[in-house]
Each structure stands twice: as C-alpha cells, then as structure tokens.
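Work through the exercises below with the model open beside you. Try each task before you read its solution.

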Amino acid sequence: MLGLRKVTEADADEINSNICKTSGCGWRKRSIFWDLPYWSTNLIRHNLDVMHIEKNVFENVFNTVMNIEGKTKDNIKAREDLAMFCRRKELKKNANGKYPKANYTLDKNGKQAVCEWVKNLKFPDGYVSNMGRCVDLKKYKLFGMKSHDCHVFMQRLIPIAFRNLMPTNVWEPLTELSLSFKDLTCTKLKEEDMRRLELEIPEILYSGMCPRNDDGGVAVPIEGNLSIFTYPGRSYGTAKPRPIEGGELRAAQTYILLNCDEVTPYIDIYILNLREQDRRISDADIDQMLDNNFVEWFKLYARNPSNNVTNIFVKALVEGPNRTTLSYPMYFVNGYKFHTIGHGTGRATMNSGVCIKGTNYSENASDYYGQLIEILELEYPGYPFKRTVLFKCDWFDPSRHGTKRHPNYSLVEVNQSRRFNRYEPFILAMQACQVYYVPYPSLRRAQTDWIAVCKIKARAVVEMPKLSKKTSSMLELAFQDNEINLHQIEVVEDNDLGLLNDPNGGDIGSDVGDDEFESEDEIEHVLESESEDEDDDEDFADL
C-alpha cells in the first residue's frame, strides 16, 4: 500500500502530502471505506462524477474564452507564471505594465454575439432547459447553468459557438476537447477507446488550450397488414381536414408505393420489364420511369387476376388514399416529438427539424435536411382501417452548394437560403429523424446564411408498469451517443507555442474538478422541460 494515513491520525496532512507528491497517485488521504472488509473485492473502488467534472471543465474553458472577471483562468497570476513555465512572449507584460489580450479570448463584440446567440437558441422539448434565461446581456456572461446544461453546451454547442469567432488554432482544440467528452460519455465504450482518448487528450490540450420516454404509440397487429400501416406512431393536436389532389396526391402516392417494403417485389418486376424493353436503359432513366409511370402500371398489374395479387392491403394501397386528409400539428414517432414549423412559431423550443437518409446512403454527407411543414394522415378505403402518416417538408439543397460537412469533425451545416430543386416534399413519418438548426454567432455577413445541424438521439422506449402518469425513466438520456466516432486530430506545430516546464520535474495539472458538487436535485431538473408553453407541457403529460 501507499502508506496513506487517516485524517484523524497525527501528522496525516504532512505525510499524505509527501506521499501524493512522490508517488503521483493523486490520493490525499486514506479513505475510511478502505477499512471495509469487502472493499478489496469491489470491481470499482472509486467512481469519478463525469458530469460534474465536465461542468467544471466547461465553466473554466467558457469563462476563459469570454474573459469573465473573477472566473477566467487567464488571470494575473497565470500571466506571471509564464516566465517560469512557458515560452509565450506575446502574452508577457508589455512596456506599459499591461498584459496584452490573448488570442483565445473574445472582444466585446464577440462576447455580445455569443450571448445573443445563446439567448435565441431553440431546442426540442426536454432536450435542455431554457438557456436564454441564463444569459446576462449586460455583463456578457452565463449564470445559473446546471450540470446538464453545461453537458449539452460542452458536447454540442462549443464547436458551433466559436467557429467564426476564434482563430483556427484555437477553435480546433476546443472542438476536439468537446468531441473527447462526447466520446467519453457514449453508452458503449471499449477499453481500446479509453486508451485512444488517453493518448489524444495531451495533444488536444497542448495544441491550444431526462425527459419522459415516449414510444410513439402502439400499433394493433393485423395478419397480412403492411409495414406502413402498422408502424407505431401517435398524432396529437386538433386535426384539420383538407383535400389532397393533383400533383400533391400523385407525389404522395408515388412515394408511399416506392417506400413500402411489401411493394418491393413488384418494383423489381417493373424494372425487369423496362430492361427487357430497352437493354441500354440507364439507372437515371429507370428512376424517372418509376416516378412518372409506376403508379399507373402497378394499378393495372394488381387489377389483372392472372397476376395473383390477393392481399387486400396491397389492393387498397394500389387504389390510392381518400381525397380528404387530416392535418395535425404534432406527431410522436421513433422516440421523437415533432411539431410543424407553424405550430412551433413563437415557442422557446424547436421540434420541426427533419433528417432522412438518401437513397444512396453511405455517410452523413448523403443525408437530406429540412423543416417540417405539415403532418398528413392518409386513410385508405375499406375495412379494416388503414392509415399512414406523411411528413411534408421543405428541403435544403443537398448538393455541395447547400450542404457542407467538415472533413475532420463531422460538423454539418446547411445554407438556409438554398432549397432542393425537385418536388419531392413527402417522407413517411417512420423514416424521420430529428435535428435542430443552430445559427453561428458570427460577425461576418457571408456566414449568416449557413446554419449548423445537430442530430438528436431518440429517447429510449422503456416498458414501465402504469403506476403513475409521472413515472419516467432515466435509463438512457437523449444527449448520449451510442457509439464513438473516430475524429482525426492534426497537431499544428507553432514556434510561438512553448511547452509547459516544471523545474521540479513534475506534472502541471489544471485546477478542475475541485469545485463543490451540486445537489442531486439537478437530476430532477433535467427531466423537466422549461418550455414557456405550459399548455403544451400539460397536454404532453396526459398522453
């Protein structure tokens, strides 16, 4: 053992301090838990609170970048240590006896841009508390942020907040630090991932500086039913009937047929017929023929008795939906809560961001991003009842002129002034993933059209006994990723940046993780959405 003593023993402070310095173990006292007879057999003998450590790191980093008086780590004492530990002449006291501004701190205009940006941010319900209430626009600082708020800001918003306001050699380490915490809090973490993170974090530091789960409804299984009629989902709000006809009806019916799994064999037959008629037909021509002619061909094919199409659900699908559809303002599906963009106007949250994978999907760059305009429930004639839900969306331009992805950090951004040039507004609700869009706090007009895309992890579906309407689960939080994404780290050598040197040969640690922990009441705070729309919260609780 190390020989540490209990705090109640004589000379404990002096002896423990010497052992801590010489051995580098990090322990400053002998815990009373070590005397428990079963302590040596525990698999985990100590556990670090990642959320509070992350909160302390975020506050230190953010307050330093914002240069908050009394909170920044770039203070006079730190500058005085430069002469002893670090070779950064540009940060030393000048001839006038003043310290120059560091390149990793923002000026007044930059701080104002960040605070106004945070003030106007909108997130999905239950994702985070109302950060706009934590902004002080007079002193340009944040206050009253809980551990969960710092958690989301650290992992999701730091790469966006400082991208256009900080030099590249400062923004990149901040982004890599953010991604490290994002990887560290994944629900799946392997030993090799921990070893990789341990090797990466020194390079990063040196180079610069629960909502309630909702299953989206329950579908009643019927033998022979189609997947698009049985997928669980729940509409909510006042339904408004409206007609659907013309090009809109055709676009909806075509999309439903081409995306129904049970129709895939008939699509293959149609494509085979096209290739037999013209062996030189291209894939682009086939796609065009599917969009223009497949609906009529399939209707004739299914009506022909010799083709043996007997499934009553397929026959109903061929004939098309009723010409009157119901429009809803809200829909729950895939663990997400969607609002139409009109329903979300004036609210403090954003639930209208939609993402769908492209047909040639391989990477995130092939995703389509848009905004939810309308939620339509289509019903097909005949019994049993057959309903499916479509999302009518306004899509951003998916080409390189309208969608960009950062090569190193997987940061996706879209140009909000450019739109998709084809009329394909519909997707099945079962295909939708949720995103939210965040503008950059930029001082350059050229960047005002570009907004960052943040994906939302679906809330887990957990079967719980119906003991109380307020019963909620914290087994899986919406801000955690399932798996780690590998991020390339490029260390840029700068002759002006020096190593931190300790004349005693020891390591220089940062003063993080020592702040007093907050109470466990924060956990309950995380589970409550602080949306200003009280009626919406009450309706959501009654589901």
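The exercises go from the whole chain to single residues, and the model is a predicted one.

**Exercise 1. The whole chain**

Task: Find how many helices and strands the chain has, and what share of its residues counts as buried.

Solution:
- Step 1. Count the elements. The chain has 15 helices and 15 strands.
- Step 2. Turn to burial. The chain has 543 residues, and 45% of them count as buried.
- Step 3. Look at the surface. The accessible surface is about 30,700 Å². Carbon and sulfur atoms hold 50% of that area.

**Exercise 2. Strand 9 and its partners**

Task: Determine which strands pair with strand 9, and in what sense they run.

Solution:
- Step 1. Locate the strand. Strand 9 covers residues 367-380.
- Step 2. Take strand 5, residues 324-328. It is joined to strand 9 by 3 bridges, and the two run antiparallel. Here Tyr328 faces Ile375 of strand 9 as its opposite residue.
- Step 3. Take strand 8, residues 353-357. It also runs antiparallel to strand 9, with 5 bridges. Ile356 stands opposite Tyr368 in strand 9.
- Step 4. Take strand 10, residues 386-395. Its antiparallel pairing with strand 9 has 10 bridges. Leu376 stands opposite Leu390 in strand 10.
- Step 5. Follow the chain from strand 9 to strand 10. They form a hairpin, with 5 residues between them. In the turn, Gly382 has a positive phi of about 95°.
- Step 6. Check the burial of strand 9. Of its 14 residues, 11 are buried, so strand 9 is largely enclosed by the rest of the structure.

**Exercise 3. One strand further**

Task: Say which residue of strand 5 stands opposite Arg242.

Solution:
- Step 1. Go to strand 4, residues 240-243. It is joined to strand 5 by 4 bridges, in the antiparallel sense.
- Step 2. Read across from Arg242. Its opposite residue in strand 5 is Thr325.
- Step 3. Put the pairings together. Strand 5 pairs with strand 4, and strand 5 also pairs with strand 9.

**Exercise 4. The nonpolar core**

Task: Name the residues with the most contacts inside the largest nonpolar core, then trace the contacts of Leu317.

Solution:
- Step 1. The largest nonpolar core has 116 residues.
- Step 2. Phe153, Phe162, Leu317 and Phe391 have the most contacts inside it.
- Step 3. Set aside the neighbours of Leu317 within four places in sequence. Its contacts then include Leu226, Ile228, Phe229, Cys260, Val263 and Tyr380.
- Step 4. Add Gln253, Ile256 and Leu257, which are also in contact with Leu317. These three are among the buried residues of helix 10.

**Exercise 5. Two helices**

Task: Compare the span of helix 1 and of helix 10 with the span expected at 1.5 Å a residue, then find which face of helix 1 is buried.

Solution:
- Step 1. Helix 1 covers residues 12-23. Its 12 residues should span 16 Å, and its end C-alpha atoms are 16 Å apart, which agrees.
- Step 2. Helix 10 covers residues 246-258, 13 residues in total. It reaches 19 Å from first C-alpha to last, close to the expected 18 Å.
- Step 3. List the buried residues of helix 1. They are Ala12, Asn16, Ile19 and Cys20.
- Step 4. Look down the axis of helix 1. These buried residues fall within an arc of 100°, so they line one face.
- Step 5. Recall the general rule. An α-helix has 3.6 residues a turn, so residues three or four places apart point the same way.
- Step 6. Turn to the other side of helix 1. Glu14, Lys21 and Thr22 are exposed there.

**Exercise 6. Three loop residues**

Task: Decide for Asn308, Ser410 and Thr349 whether each is buried, partly exposed or exposed.

Solution:
- Step 1. Asn308 lies in the loop between helix 12 and helix 13. Its relative accessible area is 58%, so Asn308 is exposed. Its phi is positive, about 60°, although Asn308 is not a glycine.
- Step 2. Ser410 lies in the loop between strand 11 and strand 12. At 30% relative accessible area, Ser410 is partly exposed. Ser410 too is not a glycine, yet has a positive phi of about 55°.
- Step 3. Thr349 is in the loop between strand 7 and strand 8. With a relative accessible area of 10%, Thr349 is buried.
- Step 4. Find Tyr436, 87 residues from Thr349 along the chain. The C-alpha atoms of the two are separated by 9.7 Å.

Terms used: Residues are numbered from 1 along each chain as its sequence is written. This is a predicted model: local features need pLDDT of at least 70, side-chain atom pairs count only at pLDDT 80 or more; totals for chains, interfaces and linings use all residues. Side-chain values use heavy atoms; hydrogens and water are left out. Buried means under 20% relative accessible area, exposed over 50%, partly exposed in between (1.4 Å probe, protein chains only). Accessible areas come from the Shrake-Rupley method with a 1.4 Å probe; for residues, only the protein chains shown count as cover. Two strands pair if DSSP finds at least two bridges between them. A nonpolar core is a set of buried Ala, Val, Leu, Ile, Met, Phe, Trp, Tyr and Cys residues joined through side-chain atoms within 4.5 Å. Contact means heavy atoms within 4.5 Å. The expected span of a helix is 1.5 Å times one less than its number of residues. The arc is that of the directions from the helix axis to the C-beta atoms.
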